[in-house]
Amino acid sequence: VCLLFQALHQISQRTISTASRRQYANRISENQKLFQEDNGLPVHLKGGAKDSLLYRTTAGLAVFGSMYTVYFLLVSSMPKKPN
C-alpha cells in the first residue's frame, strides 16, 4: 500500500512539474490606451463587435424577461373560470 502511494505521488509530481505553460503577452498597456481613448463610445462598448453583441443580447434578455414577468403577473391576477 505504501509503495502504491509513493508511485502515485511520484507520477503526480512529474506530471505537474513538466507540464508546459503557455506564455501570454502582457497587453495591459494596449488595453489601457483602448479604454482611455476619447472616441465617444461608452466603456462597455469599446471592446468592439463582441462587446456590442454581448450588450445587445443582455439588453434583449432583460426586455424579454420584463415583458414575460408582466404577462405572468397579469395572467396570475385574473380569476380562474369555474368548471
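A nonpolar surface patch is made of residues with over 30% relative accessible area and no salt bridge, in which nonpolar side chains are joined within 5 Å. In this predicted model, such a patch of about 590 Å² is made by F64, Y68, Y71, F72 and V75. One of these residues, Y68, has its place in helix α3. Y68 is partly exposed, its relative accessible area being 48%; this value is over 30%, so Y68 meets the area cut-off for a patch.

**Overall architecture**

The protein chain contains three helices and zero strands. Along the sequence, the pattern of the protein chain reads α-α-α. Of its 83 residues, 1% are buried. The accessible surface of the protein chain amounts to about 8,400 Å², and carbon and sulfur atoms account for 63% of this surface.

**The surroundings of K46**

K46 lies in the loop between α2 (28–36) and α3 (49–77). This residue is buried but has no salt bridge. The nearest side chain of opposite charge belongs to D38, at a distance of 5.9 Å from K46. A salt bridge requires a side-chain nitrogen of Lys or Arg within 4 Å of a carboxyl oxygen of Asp or Glu, and the 5.9 Å to D38 therefore does not qualify.

The side chain of K46 does, however, approach backbone oxygens, as the table shows.

| Side chain | Backbone oxygen | Distance |
|---|---|---|
| K46 | F35 | 3.1 Å |
| K46 | E37 | 2.4 Å |

When neighbours within four places in sequence are left aside, K46 is in contact with L34, F35, Q36, E37, N39, L41 and D51. F35 and E37 thus appear both in this list of contacts and in the table, at 3.1 Å and 2.4 Å.

**The salt bridge**

Side chains of opposite charge can pair when their charged atoms come close. How many salt bridges does a search of the whole structure find? The search finds one. This salt bridge joins R27 and E30, whose closest N and O atoms are 3.9 Å apart. R27 is partly exposed, with a relative accessible area of 48%, whereas K46, without a salt bridge, is buried.

Conventions. Residues numbered from 1 in each chain as written. Predicted model: local features only at pLDDT ≥ 70, side-chain atom pairs only at ≥ 80, totals over all residues. Heavy atoms only, no water. Helix = DSSP H or I, 4+ residues; strand = E, 2+ residues; numbered from the N terminus. Buried < 20%, exposed > 50% of the residue type's maximum accessible area, 1.4 Å probe, protein only. Areas by Shrake-Rupley, 256 points an atom, 1.4 Å probe, with all protein chains shown as cover. Lys, Arg positive; Asp, Glu negative; His and termini not counted. Polar contact = N/O pair within 3.5 Å; in protein donor to acceptor, adjacent residues only side chain to side chain. Contact = heavy atoms within 4.5 Å. Patch = residues over 30% accessible without salt bridge, like charges linked within 9 Å, V, L, I, M, F, W, Y side chains within 5 Å.
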